[in-house]
Amino acid sequence: MGRDDKPNEEAEAQLVPGELRAGASVASDAGADEADDVASSVDFDFAEKAPASLRAGALIIRDFWQTAPNSPGVYRMIDADGDVLYVGKARHIKKRIASYLKGIGHGGNRTARMIAETAAMEFVVTQTETEALLLEANLIKQLRPRYNVLLRDDKSFPYILLTGDHPAPQLVKHRGARNRKGDYYGPFASAGAVTRTVNALQRAFLLRTCTDSYYENRTRPCLLYQIKRCSAPCTGEIGLDDYAGLVAEARAFLSGRSTAVKKSLAEEMQHASEALEFERAARYRDRLAALSAIQATQDVNPQSVEEADVFAIDLQAGQFCVQVFFFRNYQNWGNRAYFPKADARLAPDEVLSSFIAQFYDDKPCPRLVLLSHDLPEQDLLADALSTQRGGRVEVATPRRGEKRDLVDHALKNAREALARRLADSASQEKLLAGLAAAFGLAAPPRRIEVYDNSHIMGTNAVGAMIVAGRQGFMKTHYRTFNIRSEDLTPGDDFGMMREVLSRRFARLLKETPRDGAGPSAAIVITPDDRVLPLPGGERDGVRGDTLFNHGARPPHVGEPEGMPEGEVDGAFEDDVTDDDSFPAWPDLVLIDGGRGQLEAARVALADIGVTDVPLVGVAKGADRDAGRETFVMAGRTPFKLAPRDPALYFIQRLRDEAHRFAIGTHRAKRKRAFTKNPLDEITGIGPSRKRSLLLHFGTAKAVSRASLEDLQRAPGINAATARIVYEFFHENQG
């Protein structure tokens, strides 16, 4: 169905299948058993009552149904632009597709829109329905179809790693693939929980957290040894055999044998006290206190559940919240709340089923999964998780006992988390409405972008963009921009603002064009998103140029050059423009600065034909006092808001967040520049050869001054490598 089509809702309710089951199937298999016969007898008599777009979509589905396989698998419904609308799995694909053609007993405008927008379908056959479920979850996460339940926060979980590839094992926080040899403990709900636990484990077991290279180059104990958070095996302050004993105690504690470890430490403390070795007794006392601190922060620690994940879902005001608790080795490693995107008319058990399938798509699954609701295909989900784990996984909805208490605790947290989110959303809506009134906007803004620059005398200059909306700060949409232009005078804030805004909106025009937005004249947008005017409508010799005129959709001309590690440069792959999702285009742009910065932003947008985005400059008040800001808008006299206006406080929060983000990015870039070594730029010089050169010569400057013969004498440096190093510095110096 086209975006502008308005089908008759009553007709749709009579003609369209029941509500989509996100992440699973649209209709039940019981209904699908008879759908084959129904589909074969349908001659579309109902088409006369249906809107044209709905009729066309149903006819397309019938055409694909005729050649659909009658076996387990996954099907995709695709719109005219080639975007996937929905991914579903089925035990019999042909029967499931036929269920869309039943003309009785159905309802739901969302399903009707999906059918009307369908222009093509694709099928993938699998051996079993279990394989279909796993493939479906994987495709949903990859393709993010608009009609499926979507797991929006899908970051990997952090773990604690006790390494096993070094004589003195290291205690470290780990996230990502488990490629390093050692013991992994977790998952933890957040990086903060891991950091707190690692800090306490340092005090309790005195294990090192430094890198192997740092460990190998120590000649005396570091500060952690002085403050009693490391036993310093690097300098022999403790023997490796004794250090191995500390590692064994830590491994036992993390494996759930905390009572035995604490009892052993208590006995050692008592023996030391009886022997009048009070300093050693005090060390055991401090270690016991650290262990107690770890367990105190773990809240509920089960007695009968060694390893389990607990899922509880709550529905309020059309929003879902899934609370997940992680229990490992009889210990609570934290919890996290998720707010999946799903149709409010879906049943909680359907949303939970799809959520869990996606949740474990790229994460290890425990032996036990506890649920707050019975799922419609619970046995199938258990089979799929067992296949993925390579061992039996039990999926259960407990009714009594300690397991039920854990589920109830998770459900209580889900309700409270969703209530807080709804309260925050209501407050945010009021603030956005106040912002619209203050700046004369037609409606409360759904997406606000705030821009700021940071540099020191023009060096390491960066631009920063933060994004806010109805759910508060949208940190996944934050972006930073390295200032690239060589024509800018160092410290030119106006020029930096022009570059940042030009690149941001040039990219936005290419990725998500909208009606009426386009360049005002023939121009070039280079691969790095710079905008170049074309006198006379032509310019030759610019590599990768793309010419287009007002109103035309700018074609994609390539990705910008890569940025240093840790930065993201203005690409908006996650932005979508669906009505029920976060918009890609801002409804309001705030500029940290006064009339000069605002004019620079206005000119930058006007040059690429964007004239309908409201721009507001936020100038700091006298003595830079918060609450005395002056607001600058085109066509209006500069004005201030009342000191007690909530909208003013909201704007201060937005500006301060942009300032924090810009400064943090600038500091990270400056730190990388400080620690950059010339040897890093030499092709063929890796970490080991770099270490050999630095250990032999002392400094990179000494390496640069060394003769070819001296370089060849360095350990691990052959003649060819020595010549590469020598020629690199010789060319740079010559």
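The following legends describe close-up views of a predicted model.

Residues are numbered from 1 along each chain as its sequence is written. In this predicted model, local features require a pLDDT of at least 70 and side-chain atom pairs count only at pLDDT 80 or more, whereas totals for chains, interfaces and linings use all residues; side-chain values use heavy atoms, with hydrogens and water left out.

**View A. The five-stranded open sheet has the strand order 9-8-7-10-11 and mixed pairing.** Strands (E, at least two residues) and helices (H or I, at least four residues) are DSSP runs numbered from the N terminus, and two strands pair if DSSP finds at least two bridges between them. Strand 9 (331-338) and strand 11 (394-396) are the edge strands, each pairing on one side only. From one strand to the next, the twist averages 15°; axes are lines fitted to C-alpha atoms, for helices over the stretch in contact, and angles run from 0 to 180 degrees between N-to-C directions. Strand 10 and strand 11 run parallel and are joined by three bridges, and Val 369 has Val 395 in strand 11 as its bridge partner.

**View B. Strand 7 (residues 307-316) is mostly covered.** Seven of the ten residues of strand 7 are buried, where buried means under 20% relative accessible area, exposed over 50%, and partly exposed in between (1.4 Å probe, protein chains only). Strand 7 pairs with strand 8 (residues 319-328) in the antiparallel sense over ten bridges, and Asp 309 stands opposite Phe 326 in strand 8. The hairpin of strand 7 and strand 8 has two residues between the strands, and Ala 317 takes a positive phi near 50° there. With strand 10 (residues 368-371), strand 7 pairs in the parallel sense over three bridges; Leu 371 in strand 10 is the bridge partner of Phe 311. In a regular strand, side chains alternate between the two faces of the sheet.

**View C. Asp 314 forms a salt bridge with Arg 415.** A salt bridge is a side-chain nitrogen of Lys or Arg within 4 Å of a carboxyl oxygen of Asp or Glu. The closest N and O atoms of Asp 314 and Arg 415 are 4.0 Å apart. Asp 314 lies in strand 7 and Arg 415 in helix 15 (residues 401-439), so the pair ties together parts that are 101 residues apart in sequence. Asp 314 counts as buried, at 10% relative accessibility, whereas Arg 415 is partly exposed, with a relative accessible area of 44%. A search of the whole structure finds 29 salt bridges.

**View D. Arg 507 and Glu 511 meet in a salt bridge within helix 16 (residues 493-511).** The N to O distance is 3.8 Å. The two residues, Arg 507 and Glu 511, are four residues apart, about one turn of the helix. Arg 507 is buried at 1% relative accessible area, while Glu 511 is partly exposed at 33%.

**View E. Arg 655 and Asp 656 are joined by a salt bridge between their side chains.** The N to O distance for this pair is 3.3 Å. Arg 655 is buried, with a relative accessible area of 11%; Asp 656, at 42%, is partly exposed. Side chains of opposite charge can pair when their charged atoms come close.

**View F. Three strands form an open antiparallel sheet in the order 2-1-3.** Its edge strands are strand 2 (84-90) and strand 3 (120-125), and each pairs on one side only. The twist from one strand to the next averages 15°. Strand 1 (residues 73-78) and strand 2 run antiparallel and are joined by six bridges, with Gly 88 in strand 2 as the bridge partner of Tyr 75. A network of salt bridges links Lys 89, Arg 91, Glu 129 and Glu 377.

**View G. Two segments, residues 1-47 and residues 534-580, have pLDDT under 50.** pLDDT is the predictor's confidence in each residue, from 0 to 100. The protein averages a pLDDT of 76, and 76% of the residues score at least 70. For residues 1-47 the model has 122 contacts beyond four places in sequence, a contact being heavy atoms within 4.5 Å. For residues 534-580 the corresponding number is 106. Among the elements of the protein, strand 18 (residues 547-548) has the lowest mean pLDDT, 29, and strand 10 the highest, 93. Where pLDDT is low, the predicted coordinates should not be read in detail.
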